[in-house]
Amino acid sequence: MAKFSDIKGFVFDLDGVITDTSVFHSQAWHQVADKVGAPWSKELEDGLKGISRMDSLEMILKAGNLSDKYTEDQKVALATEKNTNYLKLVDQMTPANILPGIKAFLDEIKDHGYLLSLASASKNAPKVLQKLQLTDYFPKIVDPKILSKGKPDPEIYLKGAALIDLKPEQCIGVEDAAAGVESINAAGETSIGIGDKQTLKDADIHFENTADMTLANIKKQMTE
Ligand code: BG6
Ligand code: MG
C-alpha cells in the first residue's frame, strides 16, 4: 500500500458511496428480474453493484437461465425500462440523499488540496450529482461511454487518475462494491471499501459507514 504522504487525489465511485442510489438501482433491477422471472437474491443484488447497465441485465438473465431467451432489441428495451424507472426515483432526490459525512469529507479533502475525480459506471452520474448539488466538486468525471471494459477491469480507475494528472499510486479510490475494489486494486491505487467487511475483504482500508471516512481515520490505516 502507498504511504499516506504520497496520496495527492481521490477517485470516487458515486452510487452507494456519495449517495444512496444503490438502493434505487437494486429496486429497479428487482422489477426487471420479477418481470422476466429470474430469481432475486442478496448475492445477485451485491454482485450487480458497480456493474454497467447492460452487463447487469446479462447477470440477471443468467441467474434465471434466460440469457438466450431475449433478442438484443428486447434486452435494450428491458434495460431502457429499468433506466426509466430508476430515473423516476432519481427525480425525487435532493441533497438530503447525500450519505452521512460525505459532504464534510469532500470539503475536508478539497481544503487540504487533494484533487478529485469521479469513476462511476453510471451514465446518469452528472444528473445525480446535479440533484445532490455536488456538481462543482467534480469537474473531472470519467465518461463510462468511452470505456472498453467495466468494473472490475482497472480501466475506469486508471482514467480517473489520468483525468487529474496523477499516477495511480498517488490516488485513493473509494468504493462500496467488490467489483469496484477489484478495479481500484488492479489499477494500482489504494482502495477504500465502505460497507460490509466480508464483501469488501480485498480493500486496503475499510470503513463500515461513510461517516467514518475522514483524513485522520484514513491516516490511521496507512503508514505515514
Ligand atoms: C453503477 C451502479 O454505479 O452504475 C450500478 O452501481 C449501475 O448498479 C451502473 O447498474 C450503471 O448505471 P446507469 O445509471 O448507467 O444505468
Ligand atoms: Mg457503487
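Questions and answers on a predicted model follow.

Local features here need pLDDT of at least 70, side-chain atom pairs count only at pLDDT 80 or more, and totals for chains, interfaces and linings use all residues. Residues are numbered from 1 along each chain as its sequence is written, chains are lettered from A and ligands numbered from 1 in the order in which they are written, and side-chain values use heavy atoms, with hydrogens and water left out.

Me: Where does the largest nonpolar core lie?
Reply: A nonpolar core is a set of buried Ala, Val, Leu, Ile, Met, Phe, Trp, Tyr and Cys residues joined through side-chain atoms within 4.5 Å, where buried means under 20% relative accessible area (1.4 Å probe, protein chains only). Of its 39 residues, Phe10, Phe12, Ile18, Met213 and Ile218 touch the most other members. Domain bounds come from an automatic or database assignment. Both domains give residues to this core, so it lies between domain 1 (4–19 + 95–222) and domain 2 (22–91).

Me: What area is buried between domain 1 and domain 2?
Reply: Buried area is the accessible area (1.4 Å probe) that two parts lose on being put together, summed over both. Carbon and sulfur atoms give 53% of it. The value is about 1,100 Å².

Me: How far is the polar side-chain atom of Ser122 from an oxygen atom of ligand 1?
Reply: Ser122 is among the residues that come nearest to ligand 1, near meaning a heavy atom within 4 Å. A polar side-chain atom of Ser122 and an oxygen atom of ligand 1 are separated by 2.6 Å.

Technical notes: Buried < 20%, exposed > 50% of the residue type's maximum accessible area, 1.4 Å probe, protein only. Polar contact = N/O pair within 3.5 Å; in protein donor to acceptor, adjacent residues only side chain to side chain.
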